[in-house]
Amino acid sequence: MEWLRGDPYYPMSMPVRVYVYEMPSKFTYDLLWLFRNTYRETSNITSNGSPVHRLIEQHSIDYWLWADLIAPESERLLKNVVRVVKQEEADLFYVPFFTTISFFLLEKQQCKALYREALKWVTDQPAWKRSEGRDHIFPIHHPWSFKSVRRYVKNAIWLLPDMDSTGNWYKPGQVSLEKDLILPYVPNVDLCDAKCLLESESKRTTLLFFRGRLKRNAGGKIRAKIGAELTGAKDVVIEEGTAGEGGKAAAQKGMRRSIFCLSPAGDTPSSARLFDAIVSGCIPVIISDELELPFEGILDYRKMAVFISSTDAVQPGWILRYLKSISSTQIREMRRNLAEYSRHFVYSNPAQPLGPEDLVWRMMAGKLVNIKLHTRRFQRVVKESRSVCTCDCRRSNSTHSNPIN
């Protein structure tokens, strides 16, 4: 175990070998052009008022990973992943389908039809059939993405924003830390670099800052309770969020002038606000009991964030008493760690060593042995040979019709 203690970023003696499917353009380039050509349609918003294109950008991990994988090798900086041209050489298979763009920018039935087409295209591939998708990677980073056909790819590796164990977004058995990977949202604010952090040091006079929607669903209902408790408190700023460049500028300014930034659950356990706080040098105060965090096998979030249970958070005065009890020495240490950790959450082109794209493949390397175990076990077990079987297994074995035709 000495090698693991010596390198906190999972040392890799060999790069992960990835085969990138060349899917028809209607699943890839056509959707990127649709996003680009409709970007200025500011009237295009979701039912809760969020700008659609900004929401897509927050979940655009599919773009950033794909852009790095298909870039000319001479332009790439990452050494822990290589693209292979022969399927038999691959450890993993990447499916470059823009599931979030299609969900938000296509009509409902058109989107579902495209999902079914993409599903059939992928599951018809020989590599899929050899493993039942266990070594295939699907970027499904928005909770609504690919929802109508997810049950047919539950063996695949999903790239997710969180696990949401409440069952509101994913069915029981569909997602797990063993199989899937949590990726950070793309930050909505600019990185506060070393110069910015130094200049903002004396300007951080606000104890606790929050700017966002106070009324959310599911686990996010706690926001309204916390907002009511904290509004009007000394050295605390609680603001309702607004869309557009003005809202972004206000959030960025507020975070760069604050010591702590509140990060409660949204409609799902995760929130893009957490990553905005990290890249702004503002210590996140995480209130989300069901939250799973990106790259936690590599990163220790306790070094840069404060965790508060939902039970404690709603007790009158508890949050502020706790934050004020944290010493200035501890705060300086967490800020130093934020400055170091922020690079792990900034997507870029070209992708940078130890950036989020790189950590994806370092985490994937840790999954390869288990993926091969389940794939080889599937390949060698004689069909119908096992007398003990789960309910899910019985259901799937008794279904002979093709669900995607």
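This passage describes the overall make-up of the chain, its parallel sheet and one buried loop residue.

The structure is a predicted model, and its protein chain contains 17 helices and 11 strands. Of the 405 residues in the protein chain, 51% count as buried. The accessible surface of the chain amounts to about 20100 Å², and carbon and sulfur atoms account for 52% of that surface. Contacts across the sequence are also worth a look: among those between residues at least 6 apart, 70% join residues at least 24 apart.

A good place to begin is the sheet. It is an open sheet of 5 strands, arranged in the order 8-7-9-10-11, with parallel pairing. Strand 8 (236-240) and strand 11 (306-307) are found at its edges. Each of these two has a single partner strand, so one side of each lacks a neighbour in the sheet. As a general point, strands of a sheet pair through backbone hydrogen bonds, in either a parallel or an antiparallel sense.

Strand 7 (206-212) offers a helpful way into the details. Its pairing with strand 8 is parallel and runs over 5 bridges, and within strand 8 the bridge partner of F210 is I238. Strand 7 also pairs with strand 9 in the parallel sense, here over 3 bridges; in strand 9, T206 has S258 as its bridge partner. How much of strand 7 is buried? The count is 7 of its 7 residues, so strand 7 is largely enclosed by the rest of the structure. Helix 10 (residues 244-256) lies across strand 7 and strand 9 (258-264), and the helix runs at about 160 degrees to strand 7.

Towards the strand 11 edge, strand 10 (residues 283-287) and strand 11 pair in the parallel sense over 2 bridges. V285 stands opposite V306 of strand 11.

Attention now turns to a single loop residue, T38. This residue is located in the loop between helix 2 (29-37) and helix 3 (52-58). Is T38 buried or exposed? With a relative accessible area of 13%, T38 is buried, because the cut-off for a buried residue is under 20%. Leaving aside residues up to four places away in sequence, T38 touches H53 and L105.

How values were computed:
Residues are numbered from 1 along each chain as its sequence is written. This is a predicted model: local features need pLDDT of at least 70, side-chain atom pairs count only at pLDDT 80 or more; totals for chains, interfaces and linings use all residues. Side-chain values use heavy atoms; hydrogens and water are left out. Helices (H or I, at least four residues) and strands (E, at least two) are DSSP runs, numbered from the N terminus. Buried means under 20% relative accessible area, exposed over 50%, partly exposed in between (1.4 Å probe, protein chains only). Contact means heavy atoms within 4.5 Å. Two strands pair if DSSP finds at least two bridges between them. Axes are lines fitted to C-alpha atoms, for helices over the stretch in contact, and angles run from 0 to 180 degrees between N-to-C directions. Accessible areas come from the Shrake-Rupley method with a 1.4 Å probe; for residues, only the protein chains shown count as cover.
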